[in-house]
Amino acid sequence: MRWWKMLGLAGIMGVAATGVVIARAERRRRAYTPEEIRTRLRERVSDQPEGRRS
């Protein structure tokens, strides 16, 4: 029975760690200004080959 408790705790810790990583990425993503987002998108589109643009 002790094995299952350890497995459960490890699972809970994994879920918590994943939540922290997602929250950090979301904060970093929301830190961009609208002008920065437009500039980055334009750069990405200009870097694509001509056939890939839609």
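Student: Where is tryptophan 4 found?
Tutor: Tryptophan 4 sits in helix H1, which covers residues 2-30. Keep in mind that this is a predicted model.

Student: Is tryptophan 4 buried or exposed?
Tutor: Tryptophan 4 counts as exposed, because its relative accessibility is 57% and the cut-off for exposed is over 50%.

Student: Which residues form a nonpolar patch with Trp4?
Tutor: Trp3 and Leu7 join Trp4 in that surface patch. Together they have about 430 Å² of accessible area.

Student: Switching to the whole chain. How many helices and strands are there?
Tutor: The protein chain has 2 helices and 0 strands. Its radius of gyration is 20 Å, well over the 10 Å that the globule rule gives for 54 residues, so the chain is more spread out than a compact globule.

Student: What does the C-alpha trace span along its principal axes?
Tutor: About 60 × 30 × 15 Å.

Student: And what share of the residues counts as buried?
Tutor: Of the 54 residues, 0% count as buried. Buried here means under 20% relative accessible area.

Student: How much area does the chain expose, and what do carbon and sulfur supply?
Tutor: The protein chain exposes about 5500 Å². Carbon and sulfur atoms supply 61% of that area.

Student: Now charges. How many positive and negative ones are there?
Tutor: There are 13 positive and 6 negative charges in the protein chain. The mean positions of the two sets are 14 Å apart.

Student: How many salt bridges does the structure hold?
Tutor: It holds 3 salt bridges.

Student: Why would such side chains pair at all?
Tutor: Side chains of opposite charge can pair when their charged atoms come close.

Student: OK, which residues are linked in a network of salt bridges?
Tutor: Glu26, Arg29 and Arg30 are linked that way. Arginine 29 meets glutamate 26 at 2.6 Å, N to O. Arginine 30 also bridges to glutamate 26, with the closest N and O atoms 2.7 Å apart.

Student: How many residues apart are the partners in that network?
Tutor: Arginine 29 and glutamate 26 are 3 residues apart in helix H1, about one turn of the helix. Arginine 30 and glutamate 26 also both lie in helix H1, 4 residues apart, again about one turn.

Student: Is arginine 30 buried or exposed?
Tutor: Arginine 30 is exposed, with a relative accessible area of 63%.

Student: And what about arginine 29 and glutamate 26?
Tutor: Arginine 29 is partly exposed, at 48% relative accessible area. Glutamate 26 is partly exposed too, because its relative accessibility is 28% and partly exposed runs between the 20% and 50% cut-offs.

Student: Next bridge. Which residue does glutamate 35 pair with?
Tutor: Glutamate 35 forms a salt bridge with arginine 38. Their closest N and O atoms are 2.9 Å apart.

Student: Which helix holds that pair?
Tutor: Helix H2, residues 34-47. Glutamate 35 and arginine 38 are 3 residues apart there, so about one helical turn separates them.

Student: How accessible are glutamate 35 and arginine 38?
Tutor: Glutamate 35 has a relative accessible area of 44%, so it is partly exposed. Arginine 38 counts as partly exposed at 39% relative accessibility.

Technical notes
Residues are numbered from 1 along each chain as its sequence is written. This is a predicted model: local features need pLDDT of at least 70, side-chain atom pairs count only at pLDDT 80 or more; totals for chains, interfaces and linings use all residues. Side-chain values use heavy atoms; hydrogens and water are left out. Patches are made of residues with over 30% relative accessible area and no salt bridge: like charges are joined within 9 Å, nonpolar side chains (Val, Leu, Ile, Met, Phe, Trp, Tyr) within 5 Å. Accessible areas come from the Shrake-Rupley method with a 1.4 Å probe; for residues, only the protein chains shown count as cover. A salt bridge is a side-chain nitrogen of Lys or Arg within 4 Å of a carboxyl oxygen of Asp or Glu. Buried means under 20% relative accessible area, exposed over 50%, partly exposed in between (1.4 Å probe, protein chains only). The radius of gyration is taken over C-alpha atoms; the globule rule is 2.2 Å times the number of residues to the power 0.38. Lys and Arg count as positive and Asp and Glu as negative; His and the chain ends are not counted. The place of a charge is taken as NZ of Lys, CZ of Arg, CG of Asp or CD of Glu.
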